[in-house]
Amino acid sequence: METREPLHTEAITGVILAGGRGSRMGGVDKGLQNFNGVPLALHTLMRLSPQVGQIMINANRNLSAYESFGVPVWPDSASLGEYAGPLAGFITGLERCETPYLLTVPCDTPLFPADLVARMADAMARENADFAVAAAREEDGQLRAQPVFCLMGVNMLESLARFTQAGGRKIDAWTAQHNTVIVPFDRPGDEVHGFFNANTLAELHQLEARQP
Ligand SMILES: Nc1nc2c(ncn2[C@@H]2O[C@H](COP(=O)(O)OP(=O)(O)OP(=O)(O)O)[C@@H](O)[C@H]2O)c(=O)[nH]1
């Protein structure tokens, strides 16, 4: 297989996915919940900004609160119906992206690696892949893909539109249709809790205690 040119991180736009219902957190707007005194989406923004060329937030509520963080904020279009899941945020990101590549990150995983984008971009270029998806070793010792951490070319929009119009809603079912490289983040030195996410307020408080 032919190896592609290196993929420069300036060519990547990061989209912070904060558009969910947050039902396991009692229906609150997850991205606006504080993590060590900083709203989760803003914490994510600060961690992601040095890693990408551009950044935006995908949110469906409290848009002015997100806008106060100083980056573009885009809600999902109505085309898939309300709260269609993370792929609705992928579509929004791909439609609004002004660079050749888009990286998705959730707003509820505040300790994700500082070298996330560089390693995903390297792997994608090395394998000449359509997608790079992060993987992390979970508490049971298994290495599992974290499909919401996904790097792709903006040319994937057409494929995603087709997939979702046919009723598809699962990220991994979509990426499986293409050439995907899984990028493990389990080297010695990688933060063990890097991909722990907070679905409930109790999990959010547990994560605060793990902040290095
Ligand atoms: N744009 C958009 N993003 C979503 C939607 N649903 C989930 N997400 C995002 O996808 C990521 C993973 O979401 P989940 O934890 O599965 O869903 P959630 O809505 O945040 O929380 P629960 O309702 O408790 O499942 C989060 O970053 C969410 O903000 C949606 O309908 N639209």
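Colleague: Let's start with Val-154: what is its relative accessible area, and how do I read that value?

Modeller: The general idea is a three-way split: buried means under 20% relative accessible area, exposed means over 50%, and partly exposed is in between (1.4 Å probe, protein chains only). Val-154 has a relative accessible area of 28%, so it is partly exposed. Before we go on: this is a predicted model, where local features need pLDDT of at least 70, side-chain atom pairs count only at pLDDT 80 or more, and totals for chains, interfaces and linings use all residues. Residues are numbered from 1 along each chain as its sequence is written, and side-chain values use heavy atoms, with hydrogens and water left out.

Colleague: Where does Val-154 sit, and which residues does it touch?

Modeller: Two ideas first. Helices (H or I, at least four residues) and strands (E, at least two) are DSSP runs, numbered from the N terminus. Contact means heavy atoms within 4.5 Å. Val-154 is in the loop between β8 and α5 (157-165). Leaving out residues up to four places away in sequence, Val-154 touches Leu-94, Cys-97, Thr-99, Pro-100 and Tyr-101. Its C-alpha atom is separated by 9.0 Å from that of Gly-93, although the two residues are 61 apart along the chain.

Colleague: Gly-93 belongs to α3, right? How many residues of that helix are buried?

Modeller: Gly-93 is indeed one of the buried residues of α3, along with others including Leu-87, Phe-90 and Leu-94. Eight of the eleven residues in the helix are buried, so α3 is mostly covered.

Colleague: Now the sheet. In what order do the strands come?

Modeller: Strands of a sheet pair through backbone hydrogen bonds, either parallel or antiparallel. Here, two strands pair if DSSP finds at least two bridges between them. Seven strands make an open sheet, in the order β5-β4-β1-β6-β8-β7-β9, with mixed pairing. The edges are β5 (73-74) and β9, each with a single partner strand, so one side of each has no neighbour in the sheet. Further in, β1 and β6 run parallel and are joined by six bridges. Leu-17 stands opposite Pro-106 in β6.

Colleague: Which strands do α1 and α3 touch, and how do I read their angles?

Modeller: Axes are lines fitted to C-alpha atoms, for helices over the stretch in contact, and angles run from 0 to 180 degrees between N-to-C directions. α1 packs on the sheet against β1, β4 and β6, and its direction makes about 165° with that of β1. Helix α3 (residues 86-96) packs on the sheet too, touching β1, β4, β5, β6 and β8, at about 25° to the direction of β8.

Colleague: And the inside: which residues of the largest nonpolar core touch the most other members?

Modeller: A nonpolar core is a set of buried Ala, Val, Leu, Ile, Met, Phe, Trp, Tyr and Cys residues joined through side-chain atoms within 4.5 Å. The largest one has 38 residues, and Ile-12, Leu-48, Ile-57, Leu-103, Leu-116, Met-120 and Leu-151 touch the most other members. Among the elements that each supply at least two residues are β1 (12-18), α1 (40-48), β6 (101-106) and α4 (116-127). The largest share, seven residues, comes from α4. A second, separate core has 21 residues, including Val-15, Leu-80, Phe-90 and Met-152.

Colleague: What does UniProt place under "binding site"?

Modeller: UniProt positions are given in the numbering used here, feature names are shortened, and annotations may be inferred rather than shown by experiment. The unreviewed entry puts "binding site" at Leu-17, Ala-18, Gly-19, Lys-30, Asn-58, Asp-76 and Asp-108.

Colleague: Are Lys-30 and Asp-76 buried or exposed?

Modeller: Lys-30 has a relative accessible area of 15%, so it is buried. Lys-30 is in the loop between β1 and β2 (34-35), and its contacts include Asp-108, Cys-107 and Asn-199. Asp-76 counts as buried, at 19% relative accessibility. Asp-76 is in the loop between β5 and α3, and among the residues it touches are Asn-58, Ala-88 and Thr-92.

Colleague: What is odd about phi in Asn-36 and Asn-62?

Modeller: Asn-36 has a phi near 50°, positive in a residue other than glycine. Asn-62 isn't a glycine either, yet its phi is positive, about 45°. Asn-36 lies in the loop between β2 and β3 (38-39), while Asn-62 is in the loop between β4 and α2 (63-67).
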